[in-house]
Amino acid sequence: MAIRQLSETLINQIAAGEVVERPASAAKELIENALDAGATRIEIATSGGGKALLRVSDNGSGMDAADLELAVRRHCTSKISETLEDIRTLGFRGEALPSIGSVARLSIASRRRDSSGGHEIAVAGGKIAHLRPAAANPGTIVEVRDLFFATPARLKFLKTEKAEAGAITEIVKRMAIAFPAVRFVLSGSDRTTLEFPATGDDHLARMAQVLGKEFRDNAIALDAVREEIALTGFAGVPTFNRGNSAHQYAFVNGRPVQDKLILSAIRGAYAETIPSGRHPVAVLSITLDPALVDVNVHPAKSDVRFRDPGLVRGLIVGAIRAALARDGSRAATTGASDMLRSFRPGFQPHAQRPQTPWSAETSPSRPYQPTTGFGERPQASFDGLSMPAARAEPQFSPQSAAPEPIARYPLGAARAQIHANYIVAQTEDGLVIVDQHAAHERLVFEAMRKALHSKRLASQVLLIPEIVDIPEEDCDRLMQHAAELSELGLAIERFGPGAIAVRETPAMLGEVDAHGLIRQLADEIAEWDTASGLSAKLEYVAATMACHGSVRSGRRLRPEEMNALLREMEVTPGSGQCNHGRPTYIELKLSDIERLFGRS
């Protein structure tokens with residue numbers, strides 16, 4: 001069969017298969033063009049989920065007649081010249097408009113600010129109409145109708161109008177977070193109008209518009225630099241989490257991306273602080289030299305490739321963990337809100353209440369109950385102790401010492417223990433309720449994790465080394481990290497061109513499936529160029545031991561023990577949640593309590 005040159009229209013339709021996957025893809029390209037043109041106001045209108053109509057209007061620099069004629073032709077752009085190593089704009093490929101015009105009915109009306117009149121050009125199914133004068137305000141209006149009418153097969157792969165409209169909304173949200181100085185308005189017959197007023201340099205205010213006002217109260221600022229890479233943004237406290245990862249936003253040099261390395265780093269940073277199935281809320285902005293990142297990985301430009309991915313991942317994990325250690329121990333404000341809602345006047349009918357009273361023995365969150373505690377005396381020795389009371393009468397005589405000052409303690413002073421599991425502490429402006437088991441579990445785990453990283457972990461020598469056959473390139477990667485793995489108690493050696501000999505394994509892991517462990521580490525190193533899998537496994541063991549060795553639910557504590565627990569929580573990183581991600585305490589302000597009684 002003879003080779004022949006494809007037509008320009010068919011070439012554009014092939015390109016459109018990658019550039020314009022759905023209406024949201026077209027919206028992304030058009031919004032990027034508006035931002036690159038310096039727009040401060042962008043309005044997006046849709047109909048039929050963007051399939052029937054997608055209109056993007058902006059007040060940017062606009063185009064003259066010559067620019068319009070070139071804009072609808074493939075690989076014509078004003079954003080790059082001769083190299084791809086210094087890309088500082090959102091768009092640069094020169095494919096979006098001709099690709100959209102090849103599968104839809106496209107019209108562009110534009111006018112420069114210094115021009116007395118505008119011009120309009122139209123493209124339908126790849127056929128370009130003649131340029132003509134048009135009345136237009138300064139800026140550009142791009143209108144896309146009947147998307148994929150020229151390629152009907154693509155329509156079958158689109159989702160419902162509601163789903164496609166939701167995807168466009170998500171694109172607008174990401175762009176709005178990235179550019180807080182720009183006003184965005186999203187409207188149409190298929191949606192309720194959504195508006196994001198410009199917030200100038202106040203990025204957190206824009207994030208609150210998109211993520212909700214609760215994010216402002218539960219966000220921790222990030223500001224870190226490593227070598228030539230800077231990371232800024234905000235990370236939510238661990239107890240402020242969501243059911244999916246849709247509330248995680250990442251930007252590289254101002255470009256919204258959905259990069260697997262960044263998302264993996266966020267998950268790693270929140271390890272052991274968020275329950276399984278829950279996801280943190282975070283907005284990360286990475287700034288680096290454009291030569292150190294490749295944004296030309298895919299026509300959609302949502303994936304990027306870093307020259308040093310390990311450096312970027314380490315920066316993200318380190319910055320988030322440092323922020324959580326500094327300010328992440330506080331409970332989410334939403335916890336107090338949920339608590340208040342449960343206390344609203346008007347109780348549930350008796351039929352809806354639990355039929356059995358709460359007890360430490362039947363609680364679904366009860367810990368493992370060993371026969372002896374983790375260095376504790378038997379429970380019976382505490383039965384005769386006096387307990388802190390919630391009664392109003394004084395608990396000390398005039399000759400006794402003054403009550404412990406509470407103003408200088410964030411978690412206050414213990415006042416009572418209820419149901420032998422919850423500590424009630426009084427703070428300067430409210431009260432705190434602490435789950436004693438969850439709190440002590442976290443304290444023990446952090447102490448064990450610190451011991452893990454302070455020296456080489458103990459290892460057990462195998463009587464007969466395990467020989468693991470893996471590809472030669474995986475052997476090379478593992479041997480590059482042999483010293484790091486040795487610090488974790490895993491001693492490996494090269495055993496021929498395609499095998500690894502395992503001579504020692506971490507003692508904490510007990511009996512180890514060496515074959516599975518080596519293969520898992522090889523896969524992880526191949527993907528991320530890190531060897532954190534073994535560390536994570538050891539920390540999981542430490543977390544399990546901490547759970548079994550913590551103060552148990554149902555144990556009565558003396559006042560000094562309760563206060564000692566509170567003081568230790570105040571200086572321990574991540575003490576706001578246990579190893580499984582559940583909150584260890586809930587804070588209720590005095591103003592919230594007064595509202596319950598109608599006093600404010």
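In which sense, left-handed or right-handed, does helix 2 pass helix 6? In this predicted model, the crossing is right-handed. A good place to begin exploring is therefore this pair of helices, which run roughly parallel to each other. Helix 2 covers residues 23-36 and helix 6 covers residues 161-178. Their axes come within 8 Å and cross at roughly 25°, and because angles under 35 degrees count as roughly parallel, the pair falls into that class.

The residues that bring the two helices into contact can be picked out along each of them. Helix 2 contributes Pro-23, Ala-24, Ala-27, Lys-28, Ile-31, Glu-32 and Leu-35. From helix 6 come Glu-164, Ala-167, Ile-168, Ile-171, Val-172 and Met-175. Sorted by class, this contact of helix 2 with helix 6 holds ten nonpolar residues and three charged ones, with no polar residues.

Attention can now turn to charged side chains. Side chains of opposite charge can pair when their charged atoms come close. The model contains 22 salt bridges, and a few of them are described here.

One of these joins Glu-143 to Arg-55, with 3.0 Å between the closest N and O atoms. The two partners lie 88 residues apart, so this pair links distant parts of the chain: Glu-143 belongs to strand 7 (residues 139-145), and Arg-55 belongs to strand 2 (residues 53-58). Arg-55 is partly exposed, its relative accessible area being 26%.

A second salt bridge is formed by Arg-494 and Asp-476, whose closest N and O atoms are 2.9 Å apart. Here a strand is linked with a helix: Arg-494 sits in strand 23 (residues 491-494), while Asp-476 sits in helix 13 (residues 472-480). The separation along the chain is 18 residues, and this pair, too, links distant parts of the chain. Both partners can be placed by their accessibility. Arg-494 has a relative accessibility of 33% and counts as partly exposed; Asp-476, at 34%, also counts as partly exposed.

Another salt bridge brings together the side chains of Glu-561 and Arg-558, at 3.6 Å from N to O. Arg-558 has a relative accessibility of 24%, and therefore counts as partly exposed.

Salt bridges can also be followed beyond a single pair in this model: Arg-41, Glu-43, Arg-183 and Glu-195 are linked in a network of them.

Technical notes. Residues are numbered from 1 along each chain as its sequence is written. This is a predicted model: local features need pLDDT of at least 70, side-chain atom pairs count only at pLDDT 80 or more; totals for chains, interfaces and linings use all residues. Side-chain values use heavy atoms; hydrogens and water are left out. Axes are lines fitted to C-alpha atoms, for helices over the stretch in contact, and angles run from 0 to 180 degrees between N-to-C directions. Helices (H or I, at least four residues) and strands (E, at least two) are DSSP runs, numbered from the N terminus. Angles under 35 degrees count as roughly parallel, over 145 as roughly antiparallel, 65 to 115 as roughly perpendicular and the rest as oblique. A crossing is left-handed if the near helix is turned anticlockwise from the far one by less than a right angle, and right-handed if clockwise. Contact means heavy atoms within 4.5 Å. Ala, Val, Leu, Ile, Met, Phe, Trp, Tyr, Cys and Pro count as nonpolar, Asp, Glu, Lys and Arg as charged, and the others, Gly among them, as polar. A salt bridge is a side-chain nitrogen of Lys or Arg within 4 Å of a carboxyl oxygen of Asp or Glu. Buried means under 20% relative accessible area, exposed over 50%, partly exposed in between (1.4 Å probe, protein chains only).
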